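Let's take a walk through this chain together, starting from one residue and working outward. Keep the sequence and the model side by side as you read.

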Amino acid sequence: MRLFPLPCLLLVAALSVPVFAQDRVVIQAENVRYDYAQVLRVTPVYQTLTATRVEERCDQTPRPEDEGDSRLSRMVGAVKDVFTRGNDEADEDAGAATTANCRSVPVEREFQRPIAYDVDYLYKGAKFRSRLPEDPGNRLRIRVSITPVATSVERP
């Protein structure tokens with residue numbers, strides 16, 4: 001009589017195995033496709049950089065005119081300056097006529113460069129914003145992923 005409960009237990013255990021197998025949730029592989037969205041606005045994001053370089057600054061003081069210069073040589077020099085204005089030779093001639101007091105001075109410059117772009121775009125009536133490394137233009141290629149929400153199944 002003791003053998004009777006053992007087969008009953010085995011029968012109950014065998015019947016309960018399929019119930020446990022039905023409680024498993026199977027996660028479906030992700031469905032992915034690509035589409036295009038309309039770009040509404042692109043705003044660059046800038047990084048401000050500071051660069052320092054050393055430049056030579058000179059104080060120009062006019063050289064005293066020689067008393068021995070004739071009127072004719074001064075007139076020829078003035079005409080020559082008119083025709084050579086804007087050339088490097090004019091700068092050299094001007095340097096010869098002046099004495100320079102030069103010193104090295106650090107000069108700081110600030111400049112900005114774009115590092116990213118904030119992009120507002122429209123897809124199927126919904127507006128989105130993303131930060132991208134490049135300006136996408138009028139259309140933005142997007143990755144659309146659809147995955148069903150796995151909910152727990154209640155059994156009576």
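Leaving aside its neighbours within four places in sequence, which residues is Y123 in contact with? Before the answer, one caution: the model is predicted. With that in mind, the contacts of Y123 beyond those sequence neighbours are R33, D35, Y36, A37, F128, I142 and V144. Y123 itself lies in strand β2, and its relative accessible area of 13% makes this tyrosine buried. You can also take the distance from Y123 to V39: the two are 84 residues apart in sequence, yet their C-alpha atoms are 9.0 Å apart in space.

Now step back for the overall plan. The chain has 3 helices and 4 strands, and read from the N terminus the order of elements is α-β-α-α-β-β-β. Take the contacts between residues at least 6 apart in sequence: 82% of them join residues at least 24 apart. Of the 156 residues, 10% count as buried. The accessible surface comes to about 14000 Å², with 55% of that belonging to carbon and sulfur atoms.

Let's return to strand β2, which covers residues 98-123, and look at D120, which is found there. Is D120 buried or exposed? D120 counts as buried, because its relative accessibility is 10% and the cut-off for buried is under 20%. Apart from neighbours within four places in sequence, D120 touches Q38, V39, L40, R41, F128 and R129. Two of these contacts, R41 and R129, reappear when we turn to charges: together with D120 they are linked in a network of salt bridges.

That brings us to charge pairing in general. Side chains of opposite charge can pair when their charged atoms come close. In this model the count comes to 6 salt bridges. One of them joins D118 and R131, whose closest N and O atoms are 2.8 Å apart. D118 belongs to strand β2 and R131 to strand β3, so this pair ties together parts that are 13 residues apart in sequence. The two partners differ in how they meet the solvent probe: D118 counts as buried at 18% relative accessibility, while R131 is exposed at 54%.

Another charged spot is centred on E55. The side chain of E55 meets that of R53 in a salt bridge of 2.8 Å, N to O. E55 also forms a salt bridge with R57, and here the closest N and O atoms are 3.7 Å apart. E55 is partly exposed, with a relative accessible area of 23%, and R57 is partly exposed as well, at 40%.

Between β2 and β3 (126-132) there is a loop, and K124 has its place in it. Look at the backbone here: phi of K124 is near 50°, a positive value in a residue other than glycine. K124 counts as exposed, because its relative accessibility is 68% and the cut-off for exposed is over 50%.

Next, the rings. How many aromatic pairs does a search of the whole structure find? The search finds 1. The pair is Y121 with F128, and it is stacked, at 5.7 Å centre to centre and with 25° between the planes. Y121 counts as buried at 11% relative accessibility, whereas F128 is partly exposed at 39%. You have met F128 already, among the contacts of Y123 and among those of D120.

Two other tyrosine rings have arginines over them. R139 lies over the face of Y36, at 3.9 Å from the ring centre. The charged end of R141 sits over the ring of Y34, 4.5 Å from its centre. Y36 is also a familiar name, as one of the contacts of Y123.

We finish on the surface. L72, M75 and V76 make a nonpolar patch of about 320 Å² there. L72 is found in helix α2, which spans residues 71-83, and this leucine is exposed, with a relative accessible area of 58%.

Notes: Residues are numbered from 1 along each chain as its sequence is written. This is a predicted model: local features need pLDDT of at least 70, side-chain atom pairs count only at pLDDT 80 or more; totals for chains, interfaces and linings use all residues. Side-chain values use heavy atoms; hydrogens and water are left out. Patches are made of residues with over 30% relative accessible area and no salt bridge: like charges are joined within 9 Å, nonpolar side chains (Val, Leu, Ile, Met, Phe, Trp, Tyr) within 5 Å. Accessible areas come from the Shrake-Rupley method with a 1.4 Å probe; for residues, only the protein chains shown count as cover. A salt bridge is a side-chain nitrogen of Lys or Arg within 4 Å of a carboxyl oxygen of Asp or Glu. Helices (H or I, at least four residues) and strands (E, at least two) are DSSP runs, numbered from the N terminus. Buried means under 20% relative accessible area, exposed over 50%, partly exposed in between (1.4 Å probe, protein chains only). Rings of Phe, Tyr and Trp (its six-membered ring) pair if their centres lie within 6.5 Å; planes under 30 degrees apart count as stacked, over 60 as edge-to-face and the rest as tilted. A charge sits over a ring if NZ of Lys or CZ of Arg is within 6 Å of the ring centre and within 35 degrees of the ring normal. Contact means heavy atoms within 4.5 Å.
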